[in-house]
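Hi there,

Here is the structure I promised to pass on to you. Have a look at it first, and then read my notes below.

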Amino acid sequence: IRRNRAVTDSFEQGSTVKTLVIEGALREKILAPNKKYDCEGGVYKVGDRIIREADAKHAWNMLSVSEILRHSSNIGTTKIGFELGAEKLRQTLSDFGFGLKSGVDLPGEAKGILQDLPWRPHLIGNISFGHGVSVTPLQMANAYAAIANGGILNAPYIVQSIRDGETG
């Protein structure tokens, strides 16, 4: 009843991970914001599996990286994840704190789940759009804070310091 679910419970973050995948590919100089990807009309076969967009209305064809992010394209982000590759994709997510405790000064922090390599192609696709990996809400907020902080991942904290009211 009294646990802080923002630090103790992890879950699949879904599309919020797409921003981090694109950041990793930009960092690795694999893509530019105007590079175009064929989003296959909303259905993309990976091995014996099918990756689809969120719904049939999202039957995109050619989208730029900026449009992939704006429209939240699963297929576009999957293709970016493939270009990044499993090792660099995993490293990118790890650099954002996935699979690691953040060190926040709260009890019971979970580290989430970031699977070890090797990853099958369908898993690269799934992880690229936020499935097959889990993090806490605090880890996800901290990852986005790193983007806002110019790429620096800080350890989150609740209390910066405690000072005596009389002596400062």
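How many helices and strands are there in the chain? There are seven helices and six strands. Please keep in mind that this is a predicted model. If you trace the chain from the N terminus, the elements come in the order α-β-α-β-β-β-β-α-α-α-α-β-α.

Next, the chain as a whole. Along the principal axes, its C-alpha atoms fill a box of roughly 65 × 35 × 30 Å. The chain has 168 residues, and 41% of them are buried. Taking the contacts with a separation of 6 or more, 73% are between residues 24 or more positions apart.

Now for the surface and the charges. The accessible surface is about 9500 Å², and carbon and sulfur atoms account for 52% of that. The chain carries 20 positive and 18 negative charges, and the mean positions of these two sets lie 4 Å apart.

One element to look at yourself is helix α2, which spans residues 18–27. Which of its residues are buried? They are Lys18, Leu20, Val21, Ile22, Gly24 and Ala25. As you look at the numbering, remember that an α-helix has 3.6 residues a turn, so residues three or four places apart point the same way.

What covers the buried residues of α2? The cover includes α3 (65–71), α4 (74–84), α5 (86–95), α6 (121–128) and α7 (137–148). Finally, go just past the end of α2 and you will find Lys29, which takes a positive phi of about 60°.

Enjoy exploring!

Best wishes

Notes
Residues are numbered from 1 along each chain as its sequence is written. This is a predicted model: local features need pLDDT of at least 70, side-chain atom pairs count only at pLDDT 80 or more; totals for chains, interfaces and linings use all residues. Side-chain values use heavy atoms; hydrogens and water are left out. Helices (H or I, at least four residues) and strands (E, at least two) are DSSP runs, numbered from the N terminus. Buried means under 20% relative accessible area, exposed over 50%, partly exposed in between (1.4 Å probe, protein chains only). Contact means heavy atoms within 4.5 Å. Accessible areas come from the Shrake-Rupley method with a 1.4 Å probe; for residues, only the protein chains shown count as cover. Lys and Arg count as positive and Asp and Glu as negative; His and the chain ends are not counted. The place of a charge is taken as NZ of Lys, CZ of Arg, CG of Asp or CD of Glu.
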